[in-house]
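Thanks for making the time this morning. I would like to walk through one model with you, going from a single residue towards the charged groups and then out to the surface.

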Amino acid sequence: MSFLGEQTLLRVYLQSADRSPHTPTYQRILQAARTKKLAGATILRGILGAGYHGIIKSSSWSISEHVPVIVEIVDSAEKIAKFIEGTLDKIMLGGMLTLERAAVMMYRQRADDQPSRLHLAAAMKPLSTTPQIQPGNHMNINQNGVLLRVFIGESDKFGGKPLHEAIVLKVRELGLAGATVLRGTEGFGANSVVHTSHLLAMSTDLPIVLEIVDSEERIKLLLPHLETMVKEGMITMEYVMILMYRHDRPDPAP
């Protein structure tokens, strides 16, 4: 059966050392996804974040570094729902999940040598292809979620501090569910200037992406502040289903 077409993207927002000194949740999820033979998983490490645990910031002084982590998994709606209800519900201690449409245009393994043509997917109603999840004992579902992505530069400032830090603090101040800051290694923006992390370039303006998730009503509270704070950059949005895990669950024995 072809994997192309309408699938579901699962994103799990965590912190890297949430089970220290035991195996962190994101590694357990990665191992479980491979055991369940899901199509694939990707780990993204952030540099700054805000959530129920407060502000998380990367530090070279910590032996067990606490940084925000995102796990991305793409598969069919049926397999993603089964993975959440049968596996993640046993692994998660706390954190946030989002579900959104993923129209797979290419899924090619190394052994495949047959060329394939790429086609854009048709427009669809938001959240119309996401699976229906049965909430567990410590899960809360909010289907009216928005994922906001803010694309800026690392050297951008606001109020005398890095812009991405200022936005995270504002998210925290407004009581939004959370924000994650990801740093790119190379990119260009509105001015078409290429920025790179290559040592010879010594760039101090690497691309930054902030991901902010909450209900549509609460995201609207942030928009007037972004209008003032972001002088140059791009902001995108998409509708997602949000699954929140409560944070008072005890850690089962490893």
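**From strand E14 to the salt bridges**

Let me begin with Met237, which, leaving aside residues up to four places away in sequence, touches Val146, Leu147 and Leu148. Before I go further, please keep in mind that this is a predicted model. Met237 is found in strand E14, which covers residues 234-245, and its C-alpha lies 5.6 Å from that of Leu147, although the two residues are 90 residues apart in sequence. With a relative accessible area of 46%, Met237 is partly exposed, because the partly exposed class runs from 20% to 50%.

For orientation, the protein chain has 254 residues, of which 41% are buried, and it holds four helices and 14 strands. If we take the contacts with a separation of 6 or more, 80% of them are accounted for by residues 24 or more positions apart. The chain exposes about 14500 Å², and carbon and sulfur atoms supply 53% of that area.

Now to strand E5, residues 68-75, and to the question of how many of its eight residues are buried. Six of them are, so the strand is largely enclosed by the rest of the structure. Two of its pairings can be followed on the screen: strand E1, residues 5-15, pairs with E5 in the antiparallel sense over eight bridges, and strand E2, residues 41-45, pairs with E5, also in the antiparallel sense, over five bridges. Ile70 is a convenient residue to look at here, since in E5 it is the bridge partner of Tyr13 and also the bridge partner of Leu44.

From the E1 side I would like to pick out Arg11, which is found in that strand. Is Arg11 buried or exposed? Its relative accessible area is 1%, so it counts as buried, the limit for that class being under 20%. Leaving out residues up to four places away in sequence, Arg11 touches a list of residues that includes Ile70, Val71 and Glu72, Met96, Leu97 and Thr98, and also Leu147, Arg149 and Glu211. Its side chain also makes a polar contact, at 3.1 Å, with the side chain of Tyr13, the residue I mentioned a moment ago as a bridge partner of Ile70.

That brings us to the charged pairs. Side chains of opposite charge can pair when their charged atoms come close. The structure holds 10 salt bridges, and I will show three of them.

In one, Glu72 pairs with Arg11, and the closest N and O atoms are 1.8 Å apart. This pair links distant parts of the chain, with Glu72 in strand E5 and Arg11 in strand E1, 61 residues apart.

In another, the side chains of Glu211 and Arg149 meet at 3.1 Å, N to O. Here too distant parts of the chain are linked, Glu211 being in strand E13, residues 207-215, and Arg149 in strand E7, 62 residues apart. Glu211 counts as buried at 4% relative accessibility, and Arg149 is buried as well, with a relative accessible area of 14%. What, then, do these residues form together with Glu238? Arg11, Glu72, Arg149, Glu211 and Glu238 are linked in a network of salt bridges.

The remaining example sits within one element. Glu216 and Lys220 form a salt bridge with the closest N and O atoms 3.9 Å apart, and both lie in helix H4, residues 216-229, four residues apart, which is about one turn of the helix. Glu216, at 27% relative accessibility, counts as partly exposed.

Finally, the surface. Which residues form a nonpolar patch there? They are Met105, Met106, Leu118 and Leu120, and together they have about 420 Å² of accessible area. Of these, let me point to Leu118, which lies in the loop between strand E6, residues 95-104, and strand E7, residues 139-153. Leu118 counts as partly exposed, at 47% relative accessibility.

To return to the middle of the talk, the view I would leave on the screen is Arg11, buried at 1% relative accessibility, with Glu72 as its salt-bridge partner.

Terms used: Residues numbered from 1 in each chain as written. Predicted model: local features only at pLDDT ≥ 70, side-chain atom pairs only at ≥ 80, totals over all residues. Heavy atoms only, no water. Patch = residues over 30% accessible without salt bridge, like charges linked within 9 Å, V, L, I, M, F, W, Y side chains within 5 Å. Areas by Shrake-Rupley, 256 points an atom, 1.4 Å probe, with all protein chains shown as cover. Salt bridge = Lys/Arg side-chain N within 4 Å of Asp/Glu carboxyl O. Buried < 20%, exposed > 50% of the residue type's maximum accessible area, 1.4 Å probe, protein only. Pairing = 2+ DSSP bridges. Polar contact = N/O pair within 3.5 Å; in protein donor to acceptor, adjacent residues only side chain to side chain. Contact = heavy atoms within 4.5 Å.
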